[in-house]
Amino acid sequence: MTAETETGVPGVQGTPGTPGEPAADQFNELPAHVWPRNAVRQEDGVVTVAGVPLPDLAEEYGTPLFVVDEDDFRARCRDMASAFGGPDRVHYASKAFLSKTVARWVDEEGLSLDIASGNELGVALAAGFPGGRITAHGNNKDADFLRACVRNNLGHVVLDSAQELELLDYIAAGEGRVQPVLIRVKPGIEAHTHEFIATSHEDQKFGFSLASGAAFDAARAAVNAENLELVGLHCHVGSQVFDAQGFSLAAERVLELYSRIHDELGVTLAELDLGGGYGIAYTAEEKPLNVAEVAHDLLTAVGKTAAELGIEAPTVLVEPGRAIAGPSAVTVYEVGTIKDVDVDDETTRRYISVDGGMSDNIRPALYGSEYDARVVSRFTEGATTNTRVVGSHCESGDILINEATYPSDIHTGDLLALAATGAYCYAMSSRYNAFARPAVVSVRAGAAKLMLRRETLDDILSLEV
Ligand SMILES: Cc1ncc(COP(=O)(O)O)c(C=O)c1O
């Protein structure tokens, strides 16, 4: 089962028709809620993003190629900011996709940033991102990472274990700084998402249990630690979540701990960080979560629960990654080998190979994720056929689109693009089979800028000692 279907949202691959039916018009139409906001198919059949034809980009930068619609990315930052009451309340989860350019966009839009490793912090700082607007995550932050957080005056460090709490207190003492911290709490909410990305049930590695009292004990230890300042609690119920009730329920449970901390420790916590997880549409059939509505309901629920508990409502912070970066980018591949394979006596399946695969998009192999793919170099036409889109790696599970009915005129040399690949694709990329990572370009107002250059064999060989 896929992450998407487990959310209760239909997870049927967004491809038109049944085999044998004419495909053309449906397949040529780009579902606007899945593709970048500035993606358009021109009259000659070529798809442009922000006015830049994808075939031109493929020619200049090669394939596979990530193309990011800058205005779309920025608009999604602003949408989140207005939904949650201010840009500083939204911490872009850089694990979805980070580069110096992205960090600068996020900074310019006034958002805060969530990082989850010393190197993500390094990239953000190299882009000039202010430490005070950065929150550090991780279940196994080592002393060097924690020291970097303290030295760069990070806005928040999210504590994930008792051991880390002691280590950070010790490091902060050595650096002569009082470090603001949040405590990551497991509120015991099922987010109805894939096991690998659900992070809030009890038997998993992140955070302190609310139910067992571990979260309260951690709060007491943080309040008593001389070099830490407890400013709030954090929870994250999962990723690609469509059942928004999970967010409110988690907030209500965590607020009970605010009340207990207030009553027993005499401390009023000012902030409540509810993590990320806002679901996006990967296929034509899916509907993205309406973030403005969710935010409204969530903020109302927090205000109401706080009033019932007789405590001050904390400021709500959120950490969306996918909902900002995901829909703003596409990956362009060139079609290579095409092979018709007999599935059984009656069925054949067409295997379309593209020049990337699990090294630039591990999500289908990891989570069974689905994508919307279209030929972007021309109009397609003709009857459909059972199709599977596969990568070029030595792995039979190297599948990008498992089951689809695509026009049978797709041929070698066509450019095929997958939409909504801006989050957790480049960020999770690998060099499997010594593949060099693709380039990433941003497009805006008819012009393209190289954001990350394509890796080369020399990059791979440069690690050899
Ligand atoms: C703590 C935390 N915050 C934010 C996010 C971002 O989630 P998403 O990209 O689904 O919004 C994640 C993702 O796993 C996370 O673990």
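Biologist: Which residue has a polar backbone atom 2.8 Å from an oxygen atom of the ligand, where the residue is one that UniProt lists with Glu 319 and Pro 320 as "binding site"?

Modeller: This is a predicted model, and the distances I give are computed from it. The unreviewed UniProt entry places a "binding site" feature at Gly 277, Glu 319, Pro 320, Gly 321, Arg 322 and Tyr 424. Of these, the residue whose polar backbone atom lies 2.8 Å from an oxygen atom of the ligand is Gly 277.

Biologist: How much of the accessible area of the ligand does the protein cover?

Modeller: Besides the contact with the backbone of Gly 277 at 2.8 Å, a polar side-chain atom of Ser 239 lies 2.4 Å from an oxygen atom of the ligand, and a backbone N or O atom of Arg 322 lies 2.8 Å from an oxygen atom of the ligand. On its own the ligand has 390 Å² of accessible area, and the part of this that the protein covers is 93%.

Biologist: How many polar residues are in the shell around the ligand?

Modeller: The ligand has 16 residues around it, and those that come nearest are Ser 239, Gly 277, Glu 319, Arg 322 and Tyr 424. Sorted by class, the shell has three nonpolar and five charged residues, while the number of polar residues is eight.

Biologist: With which side chain does the side chain of Arg 322 make a polar contact?

Modeller: Arg 322 lies in helix α12, and it counts as buried because its relative accessibility is 5%, under the 20% cut-off. Its side chain makes a polar contact at 3.0 Å, and the partner is the side chain of Ser 239.

Biologist: Which side chain is 2.9 Å from the side chain of Glu 319 in a polar contact?

Modeller: Glu 319 is placed in the loop between β13 (315-317) and α12 (322-325), and with a relative accessibility of 5% it counts as buried. Leaving aside neighbours within four places in sequence, Glu 319 is in contact with several residues, including His 91, Asp 114, His 137, His 234 and Asp 273. The polar contact at 2.9 Å joins the side chain of Glu 319 to that of His 234.

Biologist: Another UniProt "binding site" annotation covers Arg 322, Arg 363, Tyr 367, Glu 395 and Tyr 424; how far apart are the farthest two C-alpha atoms?

Modeller: That annotation, which also comes from an unreviewed entry, covers these five positions. They span 103 residues in sequence, and they do not all gather at one spot, because the farthest two C-alpha atoms are apart by 26.9 Å.

Biologist: Is Tyr 424 buried or exposed?

Modeller: Tyr 424 is found in the loop between β19 (415-419) and β20 (439-444). Leaving aside its neighbours within four places in sequence, Tyr 424 is in contact with Lys 95, Ala 96, Arg 322 and Arg 363. Its relative accessible area is 14%, and since the cut-off is under 20%, Tyr 424 is buried.

Biologist: What is the C-alpha to C-alpha distance between Phe 129 and Ser 112?

Modeller: Phe 129 has its place in the loop between α6 (118-126) and β7 (134-136), and at 3% relative accessibility it counts as buried. Not counting residues up to four places away in sequence, Phe 129 touches Ser 112 and others, among them Ala 103, Val 106 and Ile 134. Phe 129 and Ser 112 are 17 residues apart in sequence, and their C-alpha to C-alpha distance is 8.9 Å.

Technical notes
Residues are numbered from 1 along each chain as its sequence is written. This is a predicted model: local features need pLDDT of at least 70, side-chain atom pairs count only at pLDDT 80 or more; totals for chains, interfaces and linings use all residues. Side-chain values use heavy atoms; hydrogens and water are left out. UniProt positions are given in the numbering used here, feature names are shortened, and annotations may be inferred rather than shown by experiment. Helices (H or I, at least four residues) and strands (E, at least two) are DSSP runs, numbered from the N terminus. Buried means under 20% relative accessible area, exposed over 50%, partly exposed in between (1.4 Å probe, protein chains only). Contact means heavy atoms within 4.5 Å. A residue is near a molecule or strand if one of its heavy atoms lies within 4 Å of it. A polar contact is a pair of N or O atoms within 3.5 Å; within protein, one must be able to donate a hydrogen and the other to accept it, and residues adjacent in sequence count only if both atoms are side-chain atoms. Accessible areas come from the Shrake-Rupley method with a 1.4 Å probe; for residues, only the protein chains shown count as cover. Ala, Val, Leu, Ile, Met, Phe, Trp, Tyr, Cys and Pro count as nonpolar, Asp, Glu, Lys and Arg as charged, and the others, Gly among them, as polar.
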